[in-house]
Amino acid sequence: MNAPLTTPLNDTLVRVTRRITERSAPLRSAYLATVAAQAHSHTTQRAGMGCANMAHTTAALPADDRRIIHAERAPHVGIISAYNDMLSAHQPYEPYPELLRRHARALGATAQMAGGVPAMCDGITQGQAGMELSLFSRDVIAMSTAIALSHQMFDAAVCLGVCDKIVPGMLIGALGFGHLPVVFVPAGPMPSGISNEEKSRVRQLHAQGKADRDALLASEMAAYHAPGTCTFYGTANSNQMLMELMGLHLPGASFVPPGTALREALTREAARHALSLAAGGGRFTPVAEVIDERALVNGIVGLLATGGSTNHTLHLVAVARAAGIAIDWDDFSELSAVVPLLARVYPNGGADVNQFQAAGGMAVLIRSLRAAGLVHDEVTTIMGRGLAAYTRRPALRDGALVWEDGPAASADTSVLRGPDAPFDPDGGLKLLRGNLGRAVIKVSAVAPGHRVVEAPARLFETQDALLQAFGRGELDRDLVAVLRFQGPRANGMPELHQLTPALSVLQARGHRVALVTDGRMSGASGKVPAAIHVTPEACAGGPLARLRDGDVVRLDAVAGTLDVLGDAGWLAREPAGFDPRASAQGVGRDLFGVARAQADGAEQGACFFQWPQWAGR
């Protein structure tokens, strides 16, 4: 295995990490004290549990499992699964629990399904009312994870989840049980379908009325066509990158396809690994030790280096809070200035994650970041100390799972590069500041010539209104489309990716076009500059509520500014009113009024929890 590096750490990396550590000191100390109070001094978590309690947990198990669990001498692993067979990314998980149980038995231990969590798909709810539950589903998943582990039977947890809100939600919930080891197990991407450029082309034709529904459906079905994760580099695949770089996956596990012998071997190994990390297993490693300030900074670096999902400017903040750590968008911005863009995966390029994997994948990426001093190497992972293990790749040799040294360099520099020849000298995310508030923008897919837009604003309060105006030809000019009342307190902060084809058509016609919104655009946001997550949101008294049609707005992703130009008289206007009734009823939204009322701002993670005192507010 590669030895730890002696490369000096980047000065900005060190400075930002130190600032986060100092800022978080009282919160982190309180969190770790809570974790210590939950930890048992027994060999197993269930030691000392009442007999009736124990009998309830094992009543349905085979006699051999009951005997092992009651003996309290071997670890017992809780499995938390996001399986459902509607979502391609989670359908492969169906056999995993039995595989994990069977392998645990072979090792003299036990595993049990602790509980399931909901798994909704932004791709299915895109542009639909259900999308207004999407972000809040993350917090429901966190609470569901906590409920699953609340039986206090388990010595370690295995989390089966892939997509947008599922992985962050599971991790937030697991961090509430920071005294337990946790291993995340991915399911892998589906095979490559039609090219992402072809999919985008047909979407734009449909937006212009030049392709009918049958043509669009045929194109989409050719793109999304098999079990596994969608192959573009959106939030789901960004999740997998993060779990590996932050040390919660087995090395090289993120992008191994489902239904393969290697995938099954990695799942079996996850069971063995979880058992070894449990108290009494020989390598006790609770999740509270894995997710610390350095691991979170490494995650941010990975996100920037790969042009990952903007959703993680919310999710990583929320995950950090769950671990007693405070990060903000200034941290992302400062790191972005020194982290080069090393990957071109759609929507930042033509390749998909299967091509990224073939080029060298995570092993090459992590090797490059270590060599450049851009990640903390001395971190705790489920593999032990340091990231050296993550420069290796899994393989089957004579039927046995082994890890071999990963390639020294990329096999395809059009997809993946080293820091000596990056695609861009800085990262894929930027912070925007100005008299309209604070926002983030993903610039890795935006051509340099489109990164500054100054144009009259056109105000909208629903996606449908914007698309209808596009259909009537009213937007065929330079403009900044402002879509407000899309924040967490207004309607749950839905993704607005449905707007991408229409705005892309306007840009392709030669117009200067940008989007400004307090909603989300996701990891699938593309070539049109979009200032998203604007905070404070319009519903909470943010400046967007005072904008009017015709106000000149300047979005400057180079300088990092977002402003209304002219005198400041606009700030004295009466804010536009918001009618919450449209998002308060139907498709389950009635049940989430408390979530909308309690939601934090975007930069605080947009959570609706009543956080523990140590998490701050």
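The following paragraphs lead through a predicted model of a single chain, from its overall dimensions to its sheet, its helix packing, its internal spaces and some particular backbone sites.

The chain contains 21 helices and 16 strands. Along its principal axes, the C-alpha trace spans about 75 × 50 × 50 Å. The radius of gyration is 24 Å, which agrees with the value near 25 Å that a compact globule of 617 residues would have.

A useful place to begin is an open sheet of four strands, arranged in the order β2-β1-β3-β4 with parallel pairing. Its edges are formed by β2 (110-116) and β4 (182-185), each of which pairs on one side only. On average, and with direction ignored, neighbouring strands of this sheet are turned by 25 degrees against each other. Strands of a sheet pair through backbone hydrogen bonds, in either a parallel or an antiparallel manner. Within the present sheet, strand β1 (residues 76-81) runs parallel to strand β3 (residues 156-160), and five bridges join the two. One residue of this pairing can be followed directly: S81 has L160 in β3 as its bridge partner.

Two helices lie across this sheet. Helix α7 (residues 166-175) lies across β1, β3 and β4, and its direction makes an angle of about 170 degrees with β4. Helix α11 (residues 261-277) lies across β1, β2, β3 and β4, and it too runs at about 170 degrees to β4.

Helix α7 also leads away from the sheet to another helical element. Two packed helices are described by the angle between their axes and the distance between the axes. For α7 and α10, the angle is about 40 degrees and the axes are 9 Å apart. In this contact, V167, P168 and L171 of α7 meet N239, Q240 and M243 of α10. The contact of α7 with α10 comprises four nonpolar and two polar residues, with no charged residues.

The same region introduces the internal spaces of the model. A search of the whole structure finds seven cavities of 30 Å³ or more. The largest cavity has a volume of about 70 Å³. Which residues line the largest cavity? Its lining consists of V167, P168, L171, N239, L242, M243, M246, H312, H315, L316 and V319. The elements that give two or more residues to this lining are α7, α10 (235-245) and α14 (312-322). Of these, α14 provides the largest share, namely four residues. By class, the lining of the largest cavity has eight nonpolar residues, three polar residues and no charged ones.

The pockets form a separate topic. About 1300 Å³ of space lies in the largest pocket. This pocket is lined by 41 residues, of which G123, Q126, R203, E220 and Y224 are the closest to its centre. Two or more lining residues come from each of α5 (122-125), α8 (196-207), α9 (213-223), α10, α18 (463-471) and α20 (500-508). Helix α9 makes the largest contribution, with five residues. Helix α10 is thus a shared element, since it is listed for the lining of the largest cavity and also for that of the largest pocket. By class, the lining of the largest pocket has 21 nonpolar, 13 polar and seven charged residues.

The second largest pocket holds about 420 Å³ of space. Among its 19 lining residues, those closest to its centre are E132, E461, T462, N491 and S583. Its lining divides into seven nonpolar, seven polar and five charged residues.

Finally, particular backbone sites deserve inspection. Where are the cis peptide bonds that precede P347 and P536? One joins Y346 and P347, with omega at about 15 degrees. P347 is found in the loop between α15 (329-336) and α16 (353-359). Another cis peptide bond joins T535 and P536, with omega at about 0 degrees. P536 belongs to the loop between β14 (530-535) and β15 (552-556). A further site is D398, which has a positive phi of about 55 degrees although it is not a glycine. D398 is placed in the loop between β7 (392-397) and β8 (400-405).

Note on methods
Residues are numbered from 1 along each chain as its sequence is written. This is a predicted model: local features need pLDDT of at least 70, side-chain atom pairs count only at pLDDT 80 or more; totals for chains, interfaces and linings use all residues. Side-chain values use heavy atoms; hydrogens and water are left out. Two strands pair if DSSP finds at least two bridges between them. Axes are lines fitted to C-alpha atoms, for helices over the stretch in contact, and angles run from 0 to 180 degrees between N-to-C directions. Contact means heavy atoms within 4.5 Å. On a 1 Å grid over the protein atoms alone, a cavity is a set of points where a 1.4 Å probe fits but cannot get out, and a pocket is an open set with protein on both sides within 12 Å along at least five of seven lines; lining residues have an atom within 4 Å of a point. Grid points are joined across faces, edges and corners, and a volume is the space filled by probe spheres set on the points. Ala, Val, Leu, Ile, Met, Phe, Trp, Tyr, Cys and Pro count as nonpolar, Asp, Glu, Lys and Arg as charged, and the others, Gly among them, as polar. The radius of gyration is taken over C-alpha atoms; the globule rule is 2.2 Å times the number of residues to the power 0.38.
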